[in-house]
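Let's take a relaxed look at the charged side chains here and see who pairs up with whom.

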Amino acid sequence: MLVTEEPLIQTLACVNWPDLYPDRPSVSFGISCSGDELRLRFRVHEDFTRAECRADRENIWEDSCVEFFFAPCDDGLYYNFECSCIGKLYLCCGRGRENRVFLPEESYAAVRRSSSLGTEAFGLREGLDWELELAIPASALAFHKLSSFRGLHARGNFYKCGNKLPRRHYLSWAPIDTPAPDFHRPEFFESIDFA
């Protein structure tokens, strides 16, 4: 994928575990970059939407959630940017699922977020369409000294989940070949190149 200033539209269409979790909500995202800021805009239609988390660092993946896992270089570290449908964030960095470290409060504050559903928790609703925008400055990647995304050769994946929805689902942009859902698998990340 080549990221430029013009939004590139992609879909989350990989249902990697169809026997366990066949549900396939409609999810697309646009990705663009101004140099020092990466912009993501997700569009989602799902049968059930959940927004129980009221603050950052809660169990965002249990709600209607979109995620961006991103390895900016080949040092083995990757970031997980997980965001609920009302803009609550869960941001960590590490080399795998275990021993992940929360990003500092400055990183949370630096990531701008906007949701068509607002910011207040509402429990469970049926049949919602929603949009979520994230603007991630290079400076939010606290474990790397980046001032710009320009010219960066990175790797990553995008996801949609909701572990406590009535119909759980686990969609990805790039396929994942594991027996059960596991997004913390950098060996399945795909190239993301920045112009």
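What follows is a short tour of the salt bridges. Keep in mind that this is a predicted model.

The structure holds 14 salt bridges. A good one to start with is the pair R57 and E105, whose side chains come together at 3.3 Å, N to O. R57 sits in the loop between β5 (37-51) and β6 (65-71), while E105 belongs to helix α1 (residues 105-110), so this bridge ties together parts that are 48 residues apart in sequence. As for its surroundings, R57 is partly exposed, at a relative accessible area of 32%.

Now on to R185, which turns up in two of the pairs described here. One partner is D182, with the closest N and O atoms 3.5 Å apart. The other is E187, at 2.7 Å from N to O.

Are these residues buried or exposed? D182 counts as buried, because its relative accessibility of 16% is under the 20% cut-off. R185, at 26%, is partly exposed, and E187 is partly exposed too, at 46%.

Salt bridges can also link up through shared partners, and R41, R43, E131 and E133 are joined into one network that way.

Here are the three pairs side by side:

| Pair | N to O distance |
|---|---|
| R57 and E105 | 3.3 Å |
| D182 and R185 | 3.5 Å |
| E187 and R185 | 2.7 Å |

To find the R57 and E105 pair in the 3D view, look for the loop between β5 and β6 and for helix α1.

Methods. Residues numbered from 1 in each chain as written. Predicted model: local features only at pLDDT ≥ 70, side-chain atom pairs only at ≥ 80, totals over all residues. Heavy atoms only, no water. Salt bridge = Lys/Arg side-chain N within 4 Å of Asp/Glu carboxyl O. Helix = DSSP H or I, 4+ residues; strand = E, 2+ residues; numbered from the N terminus. Buried < 20%, exposed > 50% of the residue type's maximum accessible area, 1.4 Å probe, protein only.
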